[in-house]
Amino acid sequence: MKKRHVVMLVENLPFERDRRVKQEARSLADAGYELTVICPRINLGSYHAQRDRIRIYSYPQPWQGTGWFSYALEYLWALGCTVLLLIWTWIRHGLDVVHAANPPDLFFLIAAPLRLFGIAFVFDQHDLCPELFRVKFGSHPLIEKIVCYFEVCSYRFASQVIVTNQSAYEIAISRGKILRDKVTIVRNGPDLNRFRTGSPESHLKKGAAYLAVYAGTVEKQDGVDRIIGAAGFLVHTRNRKDIHFALLGDGSDLERVSECIKTLELESFFSLRGWVGDQELLSYLSTADVCLAPDPPVQFNQSSTFIKIVEYMSCGRVTVCFDLLESRRTAADTAVFVGRDDTVEFAGAIEQILDDGRRRCEMENGARERSLSLHWGISQEA
């Protein structure tokens with residue numbers, strides 16, 4: 001019997017860098033589906049690759065959105081390339097399900113007409129795009145209405161909707177006005193068969209007593225500049241020269257973050273590693289004394305589940321983060337929550353947990369234990 005063929009559409013990240021998409025694709029392949037992923041690629045290599053029984057067709061992305069015009073170019077180019085590669089895939093391998101991950105909320109333009117041919121459309125809502133738009137661009141009522149309309153169309157034309165947490169589930173029901181049985185929560189979480197801590201590597205601390213690690217994207221909504229501000233306070237005001245900070249990740253805000261580090265004369269206290277693979281990431285998490293999630297308390301972040309926090313927890317690390325609804329639902333009492341968007345308070349939370357070894361050890365054990373109920377093995381069943 002021929003396997004049912006699922007084609008996953010991704011625009012936001014290359015396959016290699018999108019942990020959620022990788023885990024979803026592997027889970028579907030394990031369940032007996034044929035899998036193809038269409039996505040942008042990092043370099044000018046081949047348009048075709050094979051990873052873990054997953055076929056990948058990728059296109060170059062010459063534009064990265066930073067403003068209105070560049071985002072329009074990025075999305076138009078991506079949609080055009082996706083259509084061509086999807087038709088090519090359909091002709092060569094057949095097509096049963098289109099599984100589209102946002103952002104952007106535009107893949108319904110491609111997937112909705114295919115439903116006339118009996119092809120199902122699964123809308124995998126990684127982010128709430130109207131809230132994300134406000135974080136990036138501020139309030140623009142007319143454009144926000146258009147973005148909300150795209151989201152509603154994605155909900156309505158989908159055969160099924162996948163969301164990451166309870167907040168997104170409630171928004172899909174209320175704002176999207178779709179039936180509850182059309183929405184499934186599939187939480188983010190690490191695959192514990194692949195994601196395991198190892199031995200600490202002291203050289204990563206660069207001679208410091210403590211290592212604080214951030215692992216994730218470096219975009220405006222991620223609030224990485226809060227880490228720089230907190231480090232500046234700890235180094236220059238509190239005279240703490242015993243903490244080294246490692247930033248693992250890249251994004252459109254990385255250049256600004258790098259300039260902030262230079263302006264505050266903190267270069268010797270930071271390692272900027274860019275995007276790293278799992279092996280290097282696990283080396284840093286195995287060595288870290290505290291992990292950081294500086295996502296500021298805006299509505300978009302209140303409704304987001306950050307996979308980095310669950311990864312920190314699975315490695316038995318305490319997270320310092322702002323007090324966000326979904327972050328608290330994820331970490332419960334295994335994280336240190338900062339009440340206000342204030343770099344001094346964030347710095348104080350880092351200092352207190354580093355100086356209280358006993359409390360840190362108790363929280364690390366709690367984080368590791370709690371992560372056992374949040375890992376990908378549970379999510380993949382949903």
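Here are some short exercises, with worked solutions, on the salt bridges of this predicted model.

**Exercise 1.** Find how many salt bridges a search of the whole structure gives.

*Solution.* Start with the general idea: side chains of opposite charge can pair when their charged atoms come close. Searching the whole structure for such bridges gives 32 of them.

**Exercise 2.** Look at Arg-19 and Glu-311, and work out which parts of the chain their salt bridge links.

*Solution.* First, check the contact: the closest N and O atoms of Arg-19 and Glu-311 are 2.4 Å apart, and the two form a salt bridge. Next, place each residue: Arg-19 sits in helix 1 (residues 19-30), while Glu-311 belongs to helix 11 (residues 307-314). The partners are 292 residues apart, so the pair links distant parts of the chain. Finally, note that both Arg-19 and Glu-311 are buried.

**Exercise 3.** Decide whether Asp-242 and Arg-240 are each buried, partly exposed or exposed.

*Solution.* Begin with the bridge itself: Asp-242 pairs with Arg-240, with 3.0 Å between the closest N and O atoms. Now use the cut-off: buried means under 20% relative accessible area. Arg-240 has 11%, so Arg-240 is buried. Asp-242 has 23%, so Asp-242 is partly exposed.

**Exercise 4.** Do the same for Glu-280 and Arg-273.

*Solution.* Their side chains meet in a salt bridge at 2.7 Å, N to O. Exposed would need over 50%. Glu-280, with a relative accessible area of 28%, is partly exposed. Arg-273, at 40%, is partly exposed too.

**Exercise 5.** Name the residues that are linked in a network of salt bridges.

*Solution.* Pick out the acidic members, Asp-225, Asp-253 and Asp-341, then add Arg-226 and Arg-256 to complete the network.

Terms used. Residues are numbered from 1 along each chain as its sequence is written. This is a predicted model: local features need pLDDT of at least 70, side-chain atom pairs count only at pLDDT 80 or more; totals for chains, interfaces and linings use all residues. Side-chain values use heavy atoms; hydrogens and water are left out. A salt bridge is a side-chain nitrogen of Lys or Arg within 4 Å of a carboxyl oxygen of Asp or Glu. Helices (H or I, at least four residues) and strands (E, at least two) are DSSP runs, numbered from the N terminus. Buried means under 20% relative accessible area, exposed over 50%, partly exposed in between (1.4 Å probe, protein chains only).
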